[in-house]
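Biologist: Good morning. Could you take me through this structure, please?
Modeller: Certainly. Here are the sequence and the structure.
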Amino acid sequence: MRSRASIGPGGACVATNEQIRIGVGAGFADDRVAPARDLAERGQLDYLVFECLAERTIARETLTRLSHPDLGYTPNLIDRLAAVLPVCVARGTRIVTNMGAANPRQARLAVRQWCQANQVSLGPIGVVEGDDVLAVLRAHPELRLMECGTPVEALLPDVVAANAYLGAAPLADALGQGAAMVITGRVADPALFVACMMDGLGWRYDDYPLIGAGTFAGHLLECGAQVSGGCFADPGVKEVPDLAHVGMPYVDVHRDGRMELGKVDGTGGRLDAATCTEQALYEIHDPHAYVTADCVLDIAQARFEEIGRDRVAVSGVRARPRTDSYKVSVGYRAGWMGEGEIAYAGPNAFARARLAGEIVKLRLQEAAHVFEDLRVDLIGHTALHGEHGQAQGAYEVRLRVCGRSLHKEAARAVGVEVKTLNLNGPAGSGGSASTLREVIGVKSVLMPRHWVHPHVTMERL
């Protein structure tokens, strides 16, 4: 299973593998660390991928970088990598991650400093950049927002970040130049995995049957334990053993595109046709045309065959050529969010909590605060289904009032008014809490590919 490659003319990686194994170490920024370490130690991996960027993450890290130029990468980068780097170096496992977020070069420096301090002999680190297209966006205010069709021009005064979802090619280039680790910012999630397949198996970027198969495998793995039983679990309906120790999945990929998903023996969770089917449908709007940076994926005929315990073969995927544009995530300042919570218990708790919510709304209105959105929820009863979910006989109710406003003081007033309920009634309250935070909104545009210029910088040791 161990990856075998040689460095060809110009530093390009020439793959000689018939099969590689790619594991996933994280499916989001706050994922558990221990399962990644277990997979790195016992999974016999060729590549380990950490996917840690959500839609708003990179905009928030851009703001961090503007005030702290030495930051802007995923905050727990070092804690996460420190758990796996020694074993990955010892076993020759290469790492690919988007934890560079808004500052991948500084992320590389932080990793290198940790390696030097801990005497870990990691090879060259490649950085992929070019996803930051804020300057291009500002130069083209005529681009239209995908959500509503209006020109992006109206948002530009509040825009803080614009990042294109890059594809696999520049990451594969970095691996081909001999990178032991590749750090990038915004890329399409499956592209992190496709790049490993291109490098390890010598796949061409225009071989769409293979790129499509790899993209689907990346889609199945990108959320980590979600495919090995995590979000699948539902007690009494869909049982998952030892969920507290659910294991991270991996995929074995053959040169001809055949692939099987699995997880390390002895770890918790389950990986079968049912868990794969649920993850396959995650975020998919049209199974015939799932548009990614690397291809237009068609999973309508995808098949999952259980070939052993926690072992599933994947087939039947098709793909069409990628489009001539990149999706660009546009982060912008969208005002402030104020939130307050307080609990009521005992007889008539539901009525007292509802009265408390009405009091807060009235006082905010009388103070002439303006909100784009103001919600009053009785958690566990009306938060999801409104008045249809109310339960008059409830013994415990938690009131949540949340307001979004362009004005910071209006948002702050929400939590203030909720806290005043402690002594001003109704009776029987406790456990109040409040928060105030700036809101980063996210919208999207399509940008012509030839306006975006991904590039690789290699560290020379």
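Biologist: Into which domains is the chain divided?
Modeller: The model is a predicted one. Its chain has a domain 1, made up of 19–131 + 166–233 + 240–323, and a domain 2, which covers 330–440.
Biologist: What distance separates the centres of domain 1 and domain 2?
Modeller: Taken over C-alpha atoms, the two centres are 39 Å apart.
Biologist: And how many residues are in contact between domain 1 and domain 2?
Modeller: Four residues of domain 1 contact four residues of domain 2.
Biologist: What area is buried there, and which residues of domain 1 supply most of its share?
Modeller: About 360 Å² is buried between domain 1 and domain 2, with carbon and sulfur atoms giving 61% of that area. On the side of domain 1, Ala59, Arg60 and Leu63 supply 82% of what this domain buries against domain 2, more than any other three residues.
Biologist: What kinds of residues does domain 1 place on that side?
Modeller: The residues of domain 1 that touch domain 2 comprise two nonpolar and two charged ones, with no polar residue.
Biologist: How many salt bridges and polar contacts link domain 1 and domain 2?
Modeller: The count of salt bridges between them is zero. One residue pair is in polar contact across the interface.
Biologist: A change of topic: how many residues of helix H8 are buried?
Modeller: In H8, residues 191–201, 11 of the 11 residues are buried. Among them are Phe193, Met197, Met198 and also Asp199, as well as Gly200.
Biologist: Which residue follows H8?
Modeller: Gly202 follows H8, and its phi is positive, near 75°.

Notes:
Residues numbered from 1 in each chain as written. Predicted model: local features only at pLDDT ≥ 70, side-chain atom pairs only at ≥ 80, totals over all residues. Heavy atoms only, no water. Domains from an automatic or database assignment. Contact = heavy atoms within 4.5 Å. Buried area = accessible area lost by both parts, 1.4 Å probe. Salt bridge = Lys/Arg side-chain N within 4 Å of Asp/Glu carboxyl O. Polar contact = N/O pair within 3.5 Å; in protein donor to acceptor, adjacent residues only side chain to side chain. Nonpolar A, V, L, I, M, F, W, Y, C, P; charged D, E, K, R; others polar. Buried < 20%, exposed > 50% of the residue type's maximum accessible area, 1.4 Å probe, protein only. Helix = DSSP H or I, 4+ residues; strand = E, 2+ residues; numbered from the N terminus.
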